[in-house]
Amino acid sequence: MRQLVLLLCIAAAAAYSPLQYMGDQLLALTPSTQEQVDILEQWRELGLLGKETDFLDFWSGPSAPGRSVQVRVTRKQLQGVKAALAQHRIQYRVSNPDLGRLFIQENDMNRAAFDDHSKYHRYAEFHAIASALISKCGSQCSKEVIGKSIENRDIIAYKLGSNSANPMIFMDGGIHAREWISPATLLYIMDQVISDPQYRSLLDSWNLVFVPLANPDGYEYTHTSNRMWRKNRRPGRACYGVDLNRNFGFKFGGTGSSGSQCSDVYRGVAAFSEPETQAIRNFVLRNKSAIKAFWSVHSYGQYWLHPFGYAFGVNPNNVAELLSAAQTGARALQSVNGRRYTVGHSADLLYPAAGGSDDWAISIGIRYAYTLELPDTGRYGFVLPPAQIVSVGRETLAGLAAFLRAV
Ligand code: ARG
Ligand code: ZN
């Protein structure tokens with residue numbers, strides 16, 4: 001009994017409090033000049049007043065003049081930020097006047113969950129469910145520890161399909177810790193492919209490899225301490241964390257990545273400096289000749305993006321087939337729930353960001369590499385209610401199946 005009480009206390013202490021976001025607002029900024037874009041970039045890099053306590057939480061962007069930027073501003077920061085925006089004549093509107101309710105809702109729904117796909121699981125529970133699926137699947141499926149995180153957690157790849165003559169698709173999920181819908185969607189897809197005969201037949205012609213929790217330390221941290229954490233948990237002198245999607249070895253150090261430790265898009269000291277990106281690199285290189293397609297699964301925005309993401313307007317030479325396969329996938333996806341995806345060039349549609357896994361995959365010769373930005377388009381953003389996991393999972397699976405048939 002004492003142990004139970006102790007356990008409960010630990011469990012309670014180990015959960016982040018959604019109440020901390022009460023009064024936070026989501027602002028949609030529209031910088032209209034390059035100068036204003038630069039100011040926003042500076043705020044992301046150094047905080048509003050160059051102080052660590054004044055870091056703004058960018059949910060999207062900045063990109064270019066005229067392109068909208070989503071920023072979460074804490075209750076304490078609001079006055080100062082609004083004054084600074086006025087001072088620099090940066091236009092904005094309040095797209096959510098109190099984010100607190102979103103976090104509380106998500107938290108409540110997570111507690112009330114009734115099955116595997118109606119909540120966002122902790123790391124251990126997630127892998128227990130995934131492992132049970134692999135057992136259920138039998139000899140056609142397997143799992144493999146492909147590396148260890150900074151805090152020594154296993155990074156696990158799940159392989160569905162066992163015919164080594166078939167092409168492989170590799171999917172990373174959860175590279176960004178707070179994008180909970182990404183691992184949840186991959187888990188749902190694994191379940192359906194294993195359990196539903198209609199999708200099981202995909203394994204006649206493909207091997208599907210999932211690394212659904214590519215950033216396990218960051219993921220746990222979003223559950224225990226800071227729901228809005230993005231990076232891994234690399235300790236640093238000033239701040240923790242490297243943005244794993246700025247740490248891959250193609251155009252490392254370029255636009256949209258930062259050299260300062262405290263930035264949310266800190267690229268790390270060198271390409272592949274992080275054990276989490278090394279794990280993906282090593283697995284992918286080992287299986288390179290089999291890997292025909294590569295998905296990096298993120299949220300949010302409903303985009304199906306092809307490389308290159310490191311700069312505006314730079315395309316791989318097979319851009320036409322990249323586009324047409326993505327369009328086929330997005331059309332099938334949309335037919336399920338009517339949700340529309342925007343298909344196209346990563347930097348042009350979203351923002352330039354160097355060091356992503358998709359660009360690296362293309363650069364080593366993988367033919368079809370993409371980033372998927374799952375739902376929604378901004379109403380809930382990263383805090384998508386877990387009640388939507390199944391509908392997102394169903395449509396994404398339909399998109400995946402159509403895409404695989406097309407390439
Ligand atoms: N939201 C993703 C990120 O910021 C987009 C990555 C797109 N790919 C790229 N290579 N830039 O990391
Ligand atoms: Zn992301």
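These legends go with a set of close-up views of a predicted model.

**View 1. Two domains and where they touch.**
The domain assignment splits the chain into domain 1 (23–97) and domain 2 (117–406). Taken over C-alpha atoms, their centres sit 28 Å apart. The contact draws 13 residues from domain 1 and 12 residues from domain 2. On the domain 1 side, helix 2 (34–46) and strand 2 (57–60) each bring at least two residues, and strand 2 has the largest share, with 4 residues. That side of domain 1 is a mix: 4 nonpolar, 5 polar and 4 charged residues.

**View 2. The largest nonpolar core.**
This core counts 110 residues, and I169, M171, M190, F210 and W304 touch the most other members. Helix 6 (residues 181–195) is the top contributor, giving 9 residues. Both domain 1 (23–97) and domain 2 (117–406) put residues into the core, so it lies between them. Zoom in on I169 and, once residues up to four places away in sequence are set aside, its contacts are W206, L208, V209, K292, A293, W295 and L404.

**View 3. The annotated Peptidase M14 span.**
An unreviewed UniProt entry places "domain: Peptidase M14" at residues 119–407. In the model, 36% of that span is helix and 17% is strand, and its end C-alpha atoms lie 33 Å apart.

**View 4. E373, tagged "active site".**
The tag comes from UniProt, again from an unreviewed entry. E373 is part of strand 12 (residues 368–374). Is E373 buried or exposed? It has 23 other C-beta atoms within 10 Å, so E373 counts as buried. Skipping neighbours within four places in sequence, E373 is in contact with H298, S299, Y300, G301, Q302, Y303 and L305.

**View 5. Q302 and its positive phi.**
Q302, one of the contacts of E373, has a phi of about 60° even though it is not a glycine. Most residues other than glycine have a negative phi. Q302 sits in the loop between strand 9 (291–299) and strand 10 (303–306). With 20 other C-beta atoms within 10 Å, Q302 is buried.

**View 6. K251, another positive phi.**
K251 isn't a glycine either, yet its phi is positive, near 55°. Look for K251 in the loop between helix 8 and helix 9 (275–286). K251 counts as buried because it has 22 C-beta neighbours inside 10 Å.

**View 7. The shell around ligand 1.**
Which residues surround ligand 1? They are N245, H298, L305, G309, S346, L350, A353, G356, D358, D359 and T371. By type, the shell breaks down into 3 nonpolar, 6 polar and 2 charged residues. H298 and L305 also turn up among the contacts of E373.

**View 8. Helix 8 under cover.**
Helix 8 (residues 216–224) is mostly covered, with 7 of its 9 residues buried. Those buried residues are P216, D217, G218, Y219, E220, Y221 and T222. They pack against helix 5 (123–137) and strand 6 (154–160).

**View 9. Two cis peptide bonds.**
Most peptide bonds are trans. The bond from G61 to P62 is cis, with omega near 0°; P62 is in the loop between strand 2 and strand 3 (69–73). P375 and D376 are also joined by a cis peptide bond, with omega about 5°. D376 falls in the loop between strand 12 and helix 13 (389–406).

Methods: Residues numbered from 1 in each chain as written. Chains lettered and ligands numbered in written order. Predicted model: local features only at pLDDT ≥ 70, side-chain atom pairs only at ≥ 80, totals over all residues. Core = buried A, V, L, I, M, F, W, Y, C linked by C-beta atoms within 7 Å. Buried ≥ 20, exposed ≤ 12 C-beta atoms within 10 Å, placed from the backbone. Domains from an automatic or database assignment. Contact = placed C-beta atoms within 7 Å. UniProt positions renumbered as here; feature names shortened; annotations may be inferred. Near = placed C-beta within 6 Å. Nonpolar A, V, L, I, M, F, W, Y, C, P; charged D, E, K, R; others polar.
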